[in-house]
Amino acid sequence: MGLENDQYSAHVRLWGAVIKLAIRDARRLRDVGGRRESPKWEQRKYGRLLTDTSPQEFFDSDWFEEICRMTGASPETIRAAIRRAELEEMIDD
């Protein structure tokens, strides 16, 4: 029984890390997304983020919902926090 709990705990931590990385990617995209041209170093650093599917698509996906269910996280709470951060940036401009 202890091994099963350890495996479940590791599973939850892994998917929690995936969610955290997606949030970080969304934040980075927001930071660089409004620019028409980016420096070469930024294009190399964020190239995949700028050309592949967006983190927002991940947050809107059924896969994100499933990960949240597995980890006990609330997809609505995470989405609302991301929207609040976007609104705060709009107000700060």
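**Reading a helical model, step by step**

Modeller: Let's open with one residue: Arg79 has a relative accessibility of 15% and therefore counts as buried. Buried here means under 20% relative accessible area, exposed means over 50%, and partly exposed is what lies in between, with a 1.4 Å probe and protein chains only.

Colleague: Before we go on, what sort of model is this, and how are its residues numbered?

Modeller: It is a predicted model, where local features need pLDDT of at least 70 and side-chain atom pairs count only at pLDDT 80 or more, while totals for chains, interfaces and linings use all residues. Residues are numbered from 1 along each chain as its sequence is written, and side-chain values use heavy atoms, with hydrogens and water left out.

Colleague: Thanks. How many helices and strands does the secondary structure come to?

Modeller: Helices and strands are DSSP runs numbered from the N terminus: H or I with at least four residues for a helix, E with at least two for a strand. In this protein there are 5 helices and 0 strands, so the order from the N terminus on reads α-α-α-α-α.

Colleague: What share of the residues is buried, and how much area does the protein expose?

Modeller: Of the 93 residues, 25% are buried. The exposed area is about 7100 Å², with carbon and sulfur atoms supplying 53% of it; the method is Shrake-Rupley with a 1.4 Å probe, and for residues only the protein chains shown count as cover.

Colleague: And what share of the contacts comes from residues 24 or more positions apart?

Modeller: A contact means heavy atoms within 4.5 Å. Taking the contacts with a separation of 6 or more, 59% are between residues 24 or more positions apart.

Colleague: Let's turn to charge. How many salt bridges does a search of the whole structure find?

Modeller: Side chains of opposite charge can pair when their charged atoms come close. The cut-off for a salt bridge is a side-chain nitrogen of Lys or Arg within 4 Å of a carboxyl oxygen of Asp or Glu. The search finds 2. In one of them Arg79 meets Glu65, at 2.8 Å from N to O. Arg79 sits in helix H5 (residues 75-92) and Glu65 in helix H4 (residues 62-71), so this bridge ties together parts that are 14 residues apart in sequence. Glu65 is partly exposed, at 22% relative accessibility.

Colleague: What else does Arg79 touch?

Modeller: Leaving out residues up to four places away in sequence, Arg79 touches Phe59, Asp60, Ser61, Phe64 and Glu65.

Colleague: And where is the bridge between Glu66 and Arg69?

Modeller: Glu66 and Arg69 meet at 2.9 Å, N to O. Both belong to H4, and they are 3 residues apart, which means about one helical turn between them. Glu66 is partly exposed at 35%, whereas Arg69 is exposed at 56%.

Colleague: Now the interior. Which residues make up the largest nonpolar core?

Modeller: In soluble globular proteins, nonpolar side chains tend to be buried together. A nonpolar core is a set of buried Ala, Val, Leu, Ile, Met, Phe, Trp, Tyr and Cys residues joined through side-chain atoms within 4.5 Å. The largest one here has 11 residues: Trp15, Ile19, Ala22, Ala26, Phe58, Phe59, Phe64, Ile67, Cys68, Ile78 and Ile82. Helix H1 (2-33), helix H3 (55-59), H4 and H5 each supply at least two of them, and the largest share, 4 residues, comes from H1.

Colleague: I see many rings there. How many aromatic pairs are found?

Modeller: Rings of Phe, Tyr and Trp (its six-membered ring) pair if their centres lie within 6.5 Å; planes under 30 degrees apart count as stacked, over 60 as edge-to-face and the rest as tilted. The whole structure has 5 aromatic pairs. For Trp15 and Trp63, the centres are 5.7 Å apart and the planes are at 90 degrees, so the pair is edge-to-face. Trp15 in H1 and Trp63 in H4 are 48 residues apart, so the pair links distant parts of the chain. Trp15 is buried at 17%, but Trp63 is partly exposed at 47%. Phe58 and Trp63 also pair edge-to-face, at 5.3 Å centre to centre and 70 degrees between the planes. Ring pairs link Trp15, Phe58, Phe59, Trp63 and Phe64 into a cluster.

Colleague: Finally, where is Ser61 placed?

Modeller: Ser61 is in the loop between H3 and H4, and at 18% it counts as buried. A polar atom of its side chain lies 2.6 Å from the backbone oxygen of Phe58, a residue that is itself buried at 13%.

Note on methods:
A polar contact is a pair of N or O atoms within 3.5 Å; within protein, one must be able to donate a hydrogen and the other to accept it, and residues adjacent in sequence count only if both atoms are side-chain atoms.
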